[in-house]
Amino acid sequence: MNRVRKLLSSSSINTMLIFVVLVVVFYFFTPGRVFVNPRNLRAIGKFIPELGIVTLGIGVLMICGEFDLSIGSILPLCTYVFITMMQAKLNPFVALLAACAAGAALGLVNGLITVRGNIPSFITTLGTMMFWKGFLYVFTRMMPIDLRTFLPPGSFFEKVFLHEIGGSFPIQVVWFLAVAVLLGVLLHTHRFGNRVYATGGNRMAATAMGIDTGAVKIICFMIVGVLCAVSGVMETLRLESFYSTQGKGYELKAIAAAVVGGTFLSGGRGGIGGIFLGILVIEILEDGLIMMRVPVFGISAFIGMAVIVFVLLNSFIDRTRARRRSAGSNNGEG
Amino acid sequence: MKKKLLVLLAVLSVLCFLSTQALAIDLPIFPNKTPQQMYFRIVTHGGDDPYWAVVHQGMLDACKELGIKADMDFCGGDLALQLKRYKEAIAMGADGIGLVLNDNTVWDQPVLDAFAKGIPVVSLDTDDSDGAKGNARLCFIGQDERAAGRMIAERLFSKGKSKGMDMKKAHVAMAVEEPGANYGVMRSDGVKDVMKEYGITSFEIIDAGGLESATVQSRQTSYLLAHPETKFFIGLGGICTDRIASSLKAAGYKPGEILAGGFDPTPGTVAGLKDGYVEATVDAQQYLQGYYPIVVLYMVRRYGFKPNNIDTGGYLVDKNNLGNIDKLSPKHIR
């Protein structure tokens with residue numbers, strides 16, 4: 001029961017409320033209720049998981065007190081590794097493993113520089129973001145690469161990541177849920193999860209307790225790297241081409257989604273449930289606003305405003321609950 | 001008093017004459033300077049976009065053939081950075097500069113400054129809207145963007161009319177990666193010119209959200225689902241065009257239901273042409289926009305030739321003339 005409560009932390013419930021309100025608003029205010037049109041649901045079911053899988057990793061990293069701005073570079077670089085392995089006629093599953101290994105290695109580099117160099121992760125990953133991007137452009141020359149040259153349509157590998165179950169339910173959603181459950185179990189039931197929270201909440205106290213906070217952070221960075229690889233390959237399969245600009249801008253969206261989901265920028269607070277809902281909120285907001293025929297030029301302004309409003313709302317609800325709990329315990333003592 | 005006025009008038013006349021003479025001053029030539037001793041700089045506003053990889057390839061091939069050294073700057077749409085790079089090129093004493101005139105006023109004085117130092121400047125890709133009247137550059141090498149917009153619009157609208165479409169009720173959607181950028185504005189102006197001829201009054205320019213392909217596709221899909229009145233869909237840039245076929249499929253459209261087209265023959269666009277989702281695309285032949293500036297600057301620098309404008313595009317590509325594109329695209333020539 002405690003574990004369920006932890007999973008459905010107060011911030012998750014707030015985000016759930018926001019999500020439900022958005023769905024209701026878009027249901028009633030989109031012409032012809034097109035927001036819940038099966039085609040639209042199928043479309044968002046395909047593209048939300050790509051950002052979502054990476055954001056889950058970013059959220060875990062933020063809980064342990066760090067940031068990763070380089071995901072917009074790690075994602076395409078890992079995908080390029082996948083494409084290069086495919087060009088070398090390797091099995092696509094082996095190519096995917098190679099991409100994940102590359103992601104883990106890039107995450108390790110971020111972690112080592114941040115922890116051993118004692119440099120803020122914001123700065124480390126800002127630098128690696130630019131470095132990996134330049135590195136990628138030297139090799140790709142910014143040219144797209146057609147996936148169909150190496151992977152025929154309808155292959156088993158493609159079906160594993162792109163299939164529509166029952167002809168309509170995108171399998172990407174299953175992968176997204178699977179990653180969420182895996183990270184949820186790791187974060188909320190495993191000893192490692194306790195270490196993540198302790199590291200993010202109070203690093204000095206965690207160290208005093210005997211936790212190797214450096215190792216915790218490095219592992220979190222590596223998790224982000226691996227998830228970038230998985231997401232990048234899924235995206236390439238859906239787009240049928242590799243682009244050097246894949247993942248561009250994901251870092252800020254991921255951080256926004258995690259914050260909307262109740263993750264603290266300072267670390268130590270947040271939950272997988274909230275992060276999962278935060279991703280849904282951010283992504284359906286964009287889709288719903290376009291469905292409502294809001295002038296598309298104003299979309300970014302609306303999304304920015306919504307992020308601020310949701311975070312303020314989350315903060316207000318948390319403070320109100322904390323005051324009530326405190327008042328309740330005082331009355332109990334009296 | 002009369003005498004003073006006459007003197008003032010004479011001085012003003014001489015000043016005016018001198019200023020016009022300043023523009024007409026011949027640049028120094030170096031007939032004995034070998035190609036190997038020359039260095040040119042191409043300063044562009046381009047960024048992580050496959051279009052510029054082809055321009056770059058053109059420049060590299062011209063340099064290789066002539067034995068000249070040259071560098072290309074990609075300033076990612078940052079005008080201040082582009083100006084900085086341009087001034088660095090002047091300070092370095094480059095033998096010639098190729099410049100993208102992506103602003104009508106910022107470049108007027110800097111081009112004159114280069115001439116004052118004896119450095120020839122040509123424009124490529126995007127010209128001043130007023131051409132030679134608006135900027136003193138020696139010549140423009142590129143595609144007439146407005147004409148290119150007219151070309152694709154004419155193709156799509158004439159097809160629509162031949163299919164019996166009611167043009168007065170037709171809605172035209174134009175997606176652009178970077179709202180406000182010169183390329184999108186001029187191309188859309190060309191489309192609007194043809195819209196007037198066909199009596200089409202309804203249109204919208206969509207902010208596709210940047211260069212990230214998945215984001216572009218999701219916005220275009222959402223737009224198509226929310227606007228079933230759309231009869232024509234035009235990608236104003238290469239990435240938007242590249243994602244048209246996938247967006248139409250995701251929105252549940254069959255090939256030809258919405259007449260679509262755009263710019264640049266990227267892999268997704270070529271696949272769309274083959275599948276029938278994309279009617280045609282305009283190839284800017286941007287390879288020539290990297291190739292010709294080097295040749296022209298060399299001729300100006302060595303022999304003092306006075307160059308004329310070179311129109312490099314647009315070449316309308318459809319499924320009937322794809323063969324060439326397929327062969328040359330992997331070599332970064334198309």
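In which sense do strand β4 and strand β5 of chain B pair, and over how many bridges?

## The pairing of β4 and β5

In this predicted model, strand β4 (residues 121-124) of chain B and strand β5 (residues 140-142) of chain B pair in the parallel sense, and two bridges join them. One residue pair can be picked out here, for Leu124(B) has Ile141(B) in β5(B) as its bridge partner. As a general point, the strands of a sheet pair through backbone hydrogen bonds, and the pairing may be either parallel or antiparallel.

## The parallel sheet of chain B

Strands β4 and β5 belong to an open sheet of six strands in chain B, whose order is β2-β1-β3-β4-β5-β11 and whose pairing is parallel. At the edges of this sheet stand β2 (69-74) and β11 (310-311) of chain B, each of which has a single partner strand, so one side of each is left without a neighbour in the sheet. Helix α3 (residues 79-91) of chain B packs on the sheet, where it touches β1 (39-44), β2 and β3 (96-99) of chain B, and the direction of this helix makes about 170° with that of β1(B).

## The mixed sheet of chain B

Another open sheet of six strands in chain B follows the order β7-β6-β8-β9-β10-β12, and its pairing is mixed. Its edges are held by β7 (202-207) and β12 (315-317) of chain B, and because each of them has a single partner strand, one side of each is left without a neighbour in the sheet. From one strand to the next, the twist averages 20°.

Within this sheet, strand β6 (residues 171-176) of chain B pairs with strand β8 (residues 230-235) of chain B in the parallel sense, over five bridges. Val172(B) takes part in this pairing, with Phe232(B) in β8(B) as its bridge partner.

## Helices α5 and α6 of chain B

Helix α5 (residues 145-162) of chain B lies across β8, β9 (259-263), β10 (280-283) and β12 of chain B, and it runs at about 165° to β9(B). The helix α5(B) also packs with helix α6 (residues 182-198) of chain B at an angle of about 40°, the two axes being 7 Å apart. That angle is the reason why α5(B) counts as oblique to α6(B), and the crossing of α5(B) and α6(B) is right-handed.

Where these two helices meet, the residues of α5(B) include Ala153(B), Phe157(B) and Lys161(B), while those of α6(B) include Met186(B), Val194(B) and Tyr198(B). By class, the residues of the contact of α5(B) with α6(B) divide into ten nonpolar, three polar and eight charged.

## The two domains of chain B

The domain assignment of chain B gives domain 1, which covers 29-143 + 285-314, and domain 2, which covers 145-283. The C-alpha centres of domain 1 and domain 2 of chain B lie 31 Å apart, and the contact takes eleven residues from domain 1 of chain B and 13 residues from domain 2 of chain B. On the side of domain 1 of chain B that touches domain 2 of chain B there are two nonpolar, seven polar and two charged residues.

## Where chain A touches chain B

The contact of the chains takes 31 residues from chain A and 29 residues from chain B. On the side of chain A that touches chain B, the elements giving two or more residues are α3 (38-63), α11 (213-239) and α13 (272-291) of chain A, and of these α3(A) gives the most, with five residues. The residues on this side of chain A divide into 14 nonpolar, eight polar and nine charged.

Technical notes
Residues numbered from 1 in each chain as written. Chains lettered and ligands numbered in written order. Predicted model: local features only at pLDDT ≥ 70, side-chain atom pairs only at ≥ 80, totals over all residues. Pairing = 2+ DSSP bridges. Helix = DSSP H or I, 4+ residues; strand = E, 2+ residues; numbered from the N terminus. Axes fitted to C-alpha atoms, helices over the stretch in contact; angles between N-to-C directions. Contact = placed C-beta atoms within 7 Å. Parallel < 35°, antiparallel > 145°, perpendicular 65-115°, else oblique. Left-handed = near helix turned anticlockwise from the far one by under 90°. Nonpolar A, V, L, I, M, F, W, Y, C, P; charged D, E, K, R; others polar. Domains from an automatic or database assignment.
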